[in-house]
Amino acid sequence: MPSISRRGATMPESPIRKLVPFAEAAIKRGIKIIHLNIGQPDIKTPKIALDAVKNNTLEVLAYSRTEGAETYREKIAGYYAKNDIHVKADDIIVTTGGSEALFFSLGTIADTGDEIIIPEPFYANYNGFANETGIKVVPIVSHIEDNFALPAIEEFEKLITPRTKAILICNPGNPTGYLYSKEEIKKLASIVKKHNLFLVADEVYREFTYDNRDHYSILQESGLAEHAIIVDSVSKRYSMCGARIGYLVSKNKEVIQTALKFGQARLSPPTYAQIACEAALDTPQSYFDDVKKEYEERRNILISELSEIEGAVVARPQGAFYCIVELPIENADTFAKWLLEDFNLDGETVMVAPAAGFYATEGLGTNQIRIAYVLKKEELKRAVHILKEALKVYAN
């Protein structure tokens, strides 16, 4: 039989989706599963976006420009201006999801064997994108005891080599919910300028910040124009995960011109999705105010309920809608499978994401899970109650 590629064989499994067969088997046994494992918002998509697709009068569903429709990119630039990020339409490439924006970014700035420093734990797909492009991920550990704050800049300096091309952050963070402060962004800006590196920021969760904290973008930092690349997406902002629309944003003209070459391979981002997303930019601020309030309330309930679990260590998210929890267990992978195969409480169980898949360093995160608090408040309470009772049984 012909063999698959080494690259394909070494592609990492998703820590979220590898448990799906166990969940499907549980459902067939009649078990109800409460999903804490995936960041699919239950918030309604803005009606204005859905209506734009329903009511359009297109007679030919044609290609758009490779970089995305000009009218859409102009409106995106207006959105950024409202967030004190001043870019032009020509600084923006519309991509097929934030994932493609990240893939284009890595392909643009690094060659096979080059290195990207990433604070861990980090979004699991970063490992996959690095594998696809032949880039080496160099992790720098952030700790649950520090709420996953930015590691000391001196620790970054120790990891920089002649092959280092960039530092990549997610702000606010998936899976930690950590929100980098203005001071932390300034420290990162200083080091990338000193060592002539790129700073890539995944800012998908920009709108979701709590405790009266503000998001500070890398493109708000002066003197960083040639170094900064933003990866963005509409998926979580407007609860439009299925639209598969994201952005790559940079004032570095060479970055944009090079990334555009990668975009030519897929011809153009999807037309109907751009129509919906362009309309979504007219969503009133009240929508975001309500969504942010709802997520903050969910976070507060989740943290309160988790703190009742004996032996658990809980990080307090300041943004996004994820939380890392350290449990009194040895192996979260084994525990997550057990929850689906062998445990239920009155016909219900929970599905969690083992956190080891969000680390690059072998052995880290093995007793941690990631929880996405994208469920109604009462369902979150029920889920944590099930988790608490499950741990009692599992310990015995």
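Ile 167 sits in strand E5, which covers residues 164-170. The model described here is predicted. In this model Ile 167 is buried, because its relative accessible area is 0%, and buried means under 20%. Beyond its neighbours within four places in sequence, Ile 167 is in contact with eight named residues: Ile 117, Phe 156, Leu 188, Ile 191, Val 192, Phe 198, Leu 199 and Val 200. His 143 is 24 residues away from Ile 167 along the chain. The C-alpha atoms of these two residues are separated by 18 Å.

Several contacts of Ile 167 fall in named elements. Strand E3 covers residues 115-120, and Ile 117 is one of the contacts. Helix H8 covers residues 182-194, and the contacts include Leu 188, Ile 191 and Val 192. Strand E6 covers residues 198-202, and the contacts include Phe 198, Leu 199 and Val 200.

The loops around these elements hold some backbone features. A cis peptide bond links Glu 120 to Pro 121, with omega at about 5°. Pro 121 belongs to the loop between strand E3 and helix H6, the latter spanning residues 125-133. A cis peptide bond also links Asn 174 to Pro 175. Here omega is about 25°. Pro 175 is placed in the loop between E5 and helix H8.

Positive phi values occur at residues other than glycine. Asn 196 has phi near 55°. This residue lies in the loop that runs between H8 and strand E6. Asn 196 counts as exposed, because its relative accessibility is 63% and the cut-off for exposed is over 50%. Asp 211 is not a glycine either, yet its phi is positive, at about 60°. The loop between E6 and strand E7 (228-233) contains Asp 211. With a relative accessibility of 30%, Asp 211 counts as partly exposed.

Ala 49 is part of helix H3, residues 47-54. This alanine is buried, since its relative accessible area is 0%. Apart from neighbours within four places in sequence, Ala 49 is in contact with Met 240, Ala 276, Ala 279 and Ala 280. Asp 114 is 65 residues from Ala 49 in sequence. In space the two are 40 Å apart, C-alpha to C-alpha.

Strand E2 spans residues 92-95, and both of its faces are covered. Ile 92 and Val 94 are buried on one side. Ile 93 and Thr 95 are buried on the other. E2 pairs with strand E8 (residues 246-249) in the antiparallel sense, over 4 bridges. Within this pair, Thr 95 stands opposite Gly 246 of E8.

Strands of a sheet pair through backbone hydrogen bonds, in a parallel or an antiparallel way. An open sheet of 4 strands follows the order E9-E10-E13-E12, and its pairing is antiparallel. Strands E9 (313-314) and E12 (353-354) stand at the edges with a single partner strand each, so one side of each has no neighbour in the sheet. E9 pairs with strand E10, residues 322-326, over 2 bridges in the antiparallel sense. Val 314 has Val 325 in E10 as its bridge partner.

The protein chain as a whole contains 13 helices and 13 strands. Its radius of gyration is 21 Å, close to the 21 Å given by the globule rule for 396 residues, so the chain is as compact as a globular protein of that length. The C-alpha trace spans about 60 × 60 × 55 Å along its principal axes. Of the 396 residues, 55% count as buried. Ile 167 and Ala 49 are among the buried residues. Contacts between residues at least 6 apart in sequence were also examined, and 77% of them join residues at least 24 apart.

The accessible surface of the protein chain comes to about 17,500 Å². Carbon and sulfur atoms make up 50% of that surface. The chain carries 46 positive and 54 negative side chains. The centres of these two sets lie 2 Å apart.

Methods: Residues numbered from 1 in each chain as written. Predicted model: local features only at pLDDT ≥ 70, side-chain atom pairs only at ≥ 80, totals over all residues. Heavy atoms only, no water. Rg over C-alpha atoms; globule rule 2.2 N^0.38 Å. Buried < 20%, exposed > 50% of the residue type's maximum accessible area, 1.4 Å probe, protein only. Contact = heavy atoms within 4.5 Å. Areas by Shrake-Rupley, 256 points an atom, 1.4 Å probe, with all protein chains shown as cover. Lys, Arg positive; Asp, Glu negative; His and termini not counted. Charge placed at Lys NZ, Arg CZ, Asp CG, Glu CD. Pairing = 2+ DSSP bridges.
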